Every structure is written in structure tokens, then in C-alpha cells.
Amino acid sequence: MDNQDEYLFNFRGYNFLRSIVSMNIVENMDDQEIRDDDVFIVTYPKSGTVWTQQILSLIYFDGHRNNTENIQIAERAPFFEYKSPNVDFAKMPSPRIFCTHLPYYLVPKVFKNKKVKILYIYRNPKDVLTSYFHYSNLVILFEASNSVETFMQAFLDGRVLGSNWFDHIRGWYEHRNDFNIMFLSYEDMKKDLRGSVLKICSFLEKELSKEDMEAVVRQATFQNMKSDPRANYDDIKKEIGTRNNEGTFLRKGTIGDWKHHLTVDQNERFDRIFNRNMKNIPLKFIWDMNE
Ligand code: A3P
């Protein structure tokens with residue numbers, strides 16, 4: 001992976017994807033219109049963004065929950081920093097749902113008034129790395145790498161969209177008191193989807209009937225999302241282009257796939273770096289489906 005400059009650009013220490021980021025938003029972050037009831041999903045890439053977009057849009061939009069509308073989740077909960085030709089942020093009805101990979105120090109300053117709700121979804125970084133490796137090799141907007149080793153070096157050095165995983169999560173966690181933020185892990189969502197949807201609803205101060213809750217949980221499972229054209233990103237896949245037809249955005253959707261990809265040596269190296277970087281961060285990480 002020697003061609004980062006072709007794919008990435010760095011702005012204030014953070015790597016953005018050159019082809020799809022709106023420079024206007026990035027450079028004028030504090031001028032963006034933010035409403036008090038906006039909700040932001042914040043993730044490092046490959047940590048469950050699409051899944052959370054689906055959950056939040058199912059919670060908020062009846063038409064999505066009841067299948068009466070046919071709008072992609074990418075348009076219901078658009079990326080804040082991307083060029084979104086199909087979405088006019090100003091015309092979105094409140095409460096607006098956005099997602100973003102921004103680090104804590106690049107979001108609009110108005111977030112510190114603690115009105116905007118932020119849901120930070122994190123995932124064990126070995127599965128993030130594994131998911132990211134496959135995704136970068138699939139999607140032509142990203143630089144492909146010929147081996148897990150090459151990708152792991154780039155990931156650990158932060159030479160990828162999202163920069164360094166440790167900086168991203170540490171930054172948001174250490175500044176959590178500046179924001180109205182809830183942390184939730186991908187693994188918690190995977191192991192207890194209903195419980196996680198309940199936690200999310202409680203954070204959003206949104207009460208759902210039992211039936212609506214059932215509908216959210218049912219439509220947010222991996223299998224159901226994979227077969228739902230509004231949620232599986234198949235259309236977006238065609239739009240942005242992939243290196244092969246077989247790969248899918250919703251790939252395995254599980255915990256612990258890293259075990260099939262990292263060697264013993266890579267795993268031990270990763271553990272050493274993880275332990276050094278995550279000292280004093282009491283977030284819980286789950287590395288295996290059976291944990
Ligand atoms: P895998 O590549 O490990 O399968 P993001 O949306 O941040 O890019 O994250 C993508 C990862 O989330 C992919 O992981 C994808 O399969 C997984 N994912 C998406 N929807 C999911 C769901 N309903 N349940 C579990 N995992 C899901």
C-alpha cells in the first residue's frame with residue numbers, strides 16, 4: 001500500500017477518502033447547520049455503521065419500519081462529510097440522523113452544547129481490521145493490499161481512511177464528557193440485539209410499542225439486512241464500483257472472524273500494541289462469539 005496519496009488526503013491530522021468527501025463540509029465544519037435534535041452515529045470504519053443506520057432509521061421512520069417507503073438507508077441517515085448528491089441536509093425532516101467517521105476534534109463546535117445526541121459504535125479492532133482488509137480489496141475507492149500483513153501495517157500506522165483506530169476511540173472516549181454521547185459495542189449488538197435496541201431507544205428518549213420494537217429487531221438482523229435492497233448497499237455497490245462481483249458489503253457479520261485471518265505472530269503483535277494503547281480505557285471488548 002504505497003499509493004495513499006491517490007486515495008486519501010489529510011486534513012488536520014486525519015485521513016479522508018479523496019473521492020467522496022465534501023471539502024466544503026470538512027473545511028467549514030462550524031458553519032454547517034446543526035439542529036438541537038440531530039442524532040449522529042459516530043464510528044471508525046467497519047465497526048457497524050450501516051447496521052446502526054438501519055437500526056436508527058427503523059426506530060425513527062414508520063415508512064421504513066412498515067415497508068411503505070423505498071428509500072435507501074444511506075439516504076435516510078446520510079454521511080455528514082460525504083458528497084451526497086441525493087440528499088439535501090437542509091430539507092431533511094427532524095430529527096435528522098447522520099453518520100460520520102470524524103474524530104472528536106473535527107466535529108462542529110456546537111456539539112459541545114450537549115444537545116446533539118451521539119451514538120459511538122465501536123468494534124473489537126481485530127475484526128475491524130479483518131473487515132477493512134476485505135472491504136478495501138473489494139471497493140475501488142480504496143487502495144487494495146496484497147496481504148493481511150501489508151494491510152495490518154497500514155492500519156496500525158493509520159495510513160487508511162479514519163487514520164489510527166486507537167486515536168479515534170481514545171479521542172472520543174477521553175472527551176466523552178464534552179458531548180452527549182453513548183458508547184455501544186458491535187459485539188453487544190450482535191449478542192443481544194433486542195437489549196441493544198432498547199438501550200439505544202432509551203438514549204434517544206424514544207418509546208416504541210412492542211410491535212414496533214419487534215419490527216426493528218427483526219429487520220436489523222444480519223440475514224434480513226442482507227436480503228433487504230434498502231439496507232444491503234447492493235445499489236451503492238454498483239454505483240461506486242467494486243473489483244469483483246462476488247464480494248458484498250454485508251460480508252460475515254460476526255464476532256471473531258479475525259481468527260481465520262491473523263497469524264499467531266500477527267495476533268501477538270496486535271495484542272501488545274492494543275494493551276499499550278488502551279491502558280486506562282475501561283471499555284469492554286469481546287473478541288469471540290462464545291465469550
Ligand atoms: P464484516 O465485514 O466483518 O462482515 P460498516 O458499516 O461500519 O462499514 O461495518 C461493516 C461491518 O458490519 C461488516 O462486517 C458487516 O457485515 C457488518 N454488519 C452490517 N450489518 C450487520 C448486522 N445486521 N449484523 C451484524 N453485522 C453487520
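Around the ligand there are 18 residues, and T49, S131, Y186, K252 and G253 come nearest; a residue belongs here if one of its heavy atoms lies within 4 Å of the molecule. What you're looking at is a predicted model, where local features need pLDDT of at least 70 and side-chain atom pairs count only at pLDDT 80 or more, while totals for chains, interfaces and linings use all residues. Residues are numbered from 1 along each chain as its sequence is written, and side-chain values use heavy atoms, with hydrogens and water left out.

Let's stay with the ligand for a bit. Two helices, α3 (49-60) and α12 (222-226), each supply at least two residues of the shell around the ligand. Of the elements in that shell, α3 gives the most, with 3 residues. Helices here are DSSP runs of H or I with at least four residues, strands are runs of E with at least two, and both are numbered from the N terminus.

Now for the polar contacts, meaning pairs of N or O atoms within 3.5 Å; within protein, one atom must be able to donate a hydrogen and the other to accept it, and residues adjacent in sequence count only if both atoms are side-chain atoms. An oxygen atom of the ligand sits 2.7 Å from a polar backbone atom of G253. Side chains join in too: a polar side-chain atom of K46 is 2.8 Å from a ligand oxygen, and an N or O atom in the side chain of R123 is 2.9 Å from an oxygen of the ligand. On its own the ligand has 570 Å² of accessible area, and the protein covers 96% of that; such areas come from the Shrake-Rupley method with a 1.4 Å probe, and for residues only the protein chains shown count as cover.

K46 has a second role in the picture, as it lies over the face of Y135, 3.4 Å from the ring centre. To count as a charge over a ring, NZ of Lys or CZ of Arg has to be within 6 Å of the ring centre and within 35 degrees of the ring normal. You can find another case at K126, whose charged end sits over the ring of W258, 4.3 Å from its centre.

Those last two residues lead to N267, which is found in helix α14 (residues 264-277). Leaving aside neighbours within four places in sequence, N267 is in contact with K126, W258 and L262, where contact means heavy atoms within 4.5 Å. Is N267 buried or exposed? It's buried, because its relative accessible area is 17%, and buried means under 20%, exposed over 50% and partly exposed in between (1.4 Å probe, protein chains only).

Rings also meet other rings. A search of the whole structure finds 34 aromatic pairs. One of them is Y14 with F16, an edge-to-face pair with 4.9 Å centre to centre and 75 degrees between the planes. Rings of Phe, Tyr and Trp (its six-membered ring) pair if their centres lie within 6.5 Å; planes under 30 degrees apart are stacked, over 60 edge-to-face and the rest tilted. Both Y14 and F16 are buried.

Move on to R18, in the loop between β2 (14-17) and α2 (23-27). R18 is partly exposed, since its relative accessibility is 41%. Although R18 and L8 are 10 residues apart along the chain, their C-alpha atoms are separated by 4.9 Å. The side chain of R18 also reaches the backbone oxygen of L8, at 3.1 Å.

A longer jump in sequence shows up at K191, in helix α9 (residues 186-191). K191 and E291 are 100 residues apart in sequence, yet 9.8 Å apart in space, C-alpha to C-alpha. The contacts of K191 beyond four places in sequence include I255, M289 and E291. With M289 there's a polar contact as well: its backbone oxygen lies 2.7 Å from a polar side-chain atom of K191.

Finally, a few backbone oddities. Most residues other than glycine have a negative phi, and most peptide bonds are trans. The bond from S94 to P95, however, is cis, with omega near -5 degrees. R12 has a positive phi, near 50 degrees, and lies in the loop between β1 (8-11) and β2. S163 has a positive phi near 55 degrees, and is found in the loop between α7 (148-157) and α8 (165-174). R12 is exposed at 53% relative accessible area, whereas S163 is buried at 9%.
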